[in-house]
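Here are my notes on the model you sent, set out as numbered points. Please read them with the structure open beside you.

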Amino acid sequence: MDKTIEALNDKLDRLVAAVARLAPPAAPETDLDSADCFVWAADPGYLEPVHRVNRVDIGLIRGVDRVRDILVDNTERFAAGLPANNVLLWGARGMGKSSLVKAAHATINAGAKTASPLKLVEIHREDIDTLPKLMALLKASEHRFILFCDDLSFDHDDTSYKSLKAALEGGVEGRPANVIFYATSNRRHLLPRDMIENERSTAINPSEAVEEKVSLSDRFGLWLGFHKCSQDEYLEMIGGYAQYHGLDIDADALRADALEWATTRGSRSGRVAWQFIQDLAGRLGKPLKD
């Protein structure tokens, strides 16, 4: 009898161990004081600290002086506990939209005008439907957060934009006072034009259908437009990067190489300028500053 009970207990122990292995691991404890930047891991619901942030100095972001000043001012007011708007940075590819968000965050924290550093939390586009879960985590904190989504847009059958609308300004609770939302997109209305036009042509009330789609971007109080840069602005970016990273090259040679690089790429932008600088530094055998 004792052997039977012992065998049964052994089987039960193994069953419990097997079930435990199947269970998802517990979410790590989020330590908001461990870093100033985090990435939202929707499953299992954890803010992963980022200790080495991929960003450039705000002084190197050229050709967008006006929108830069507006964004920094809005961010500074939010960090100080004053009213501020959600921001949509939209427009041409490679003109520094996401770089400007990260640089503005670093600039505000470097100024040290607030007792607690401003936190930057990145949420991936595919995790937008978990916003309510993230908001619940952030609103319980004493810190202030920029919630940042890069390259935000929605496709034809995607309904997660409704979760974003509610999180920004809708719902019973609305957006927590210690959270502001910054997003970048190539589209001003975040939705493809043919999607909006299709809604207009097939809806019983076309104006209401289009209003439903377009109203998402209306949740952003600030729309900051980024447009293609001129040749002079492109060369100014190149010169700024070369000086900052100490790349010793004749000015005429730098100009000629930079223009040839842009021609082969078929475009001029901050991203193209940075790619040229990486190539130039490699050819010169010079490391770039962190």
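1. Strand 6, residues 179-185, is mostly covered in this predicted model, with 7 of its 7 residues buried. The covering extends to both faces, since V179, F181, A183 and S185 are buried on one side, and I180, Y182 and T184 are buried on the other.

2. Strand 6 is joined to strand 3 (residues 87-91) by 4 bridges, the two strands running parallel, and within this pairing W90 stands opposite S185. Strand 5 (residues 145-149) also runs parallel to strand 6 and is joined to it by 5 bridges, with I180 of strand 6 as the bridge partner of I146.

3. In helix 5, which covers residues 161-168, the buried residues are Y161, L164, K165, A167 and L168. Seen down the axis of helix 5, these buried residues fall within an arc of 165°, so they line one face of the helix.

4. Helix 9 (residues 251-265) has 15 residues and reaches 21 Å from its first C-alpha to its last, close to the 21 Å expected at 1.5 Å a residue. Its buried residues are L254, A258 and A262; viewed down the axis of helix 9, they fall within an arc of 60° and therefore line one face of the helix. These buried residues pack against helix 8 (231-244) and helix 10 (270-284), whereas the face turned away from the buried side carries the exposed residues D252, E260, T263 and T264.

5. The two ends of helix 9 can be checked separately. At its start, a side-chain oxygen of D250 reaches to within 3.1 Å of the backbone nitrogen of D252, while helix 9 is followed by G266, whose phi is positive, near 75°.

Terms used
Residues numbered from 1 in each chain as written. Predicted model: local features only at pLDDT ≥ 70, side-chain atom pairs only at ≥ 80, totals over all residues. Heavy atoms only, no water. Expected span 1.5 Å × (residues − 1). Buried < 20%, exposed > 50% of the residue type's maximum accessible area, 1.4 Å probe, protein only. Arc of directions from axis to C-beta. Contact = heavy atoms within 4.5 Å. Polar contact = N/O pair within 3.5 Å; in protein donor to acceptor, adjacent residues only side chain to side chain. Pairing = 2+ DSSP bridges.
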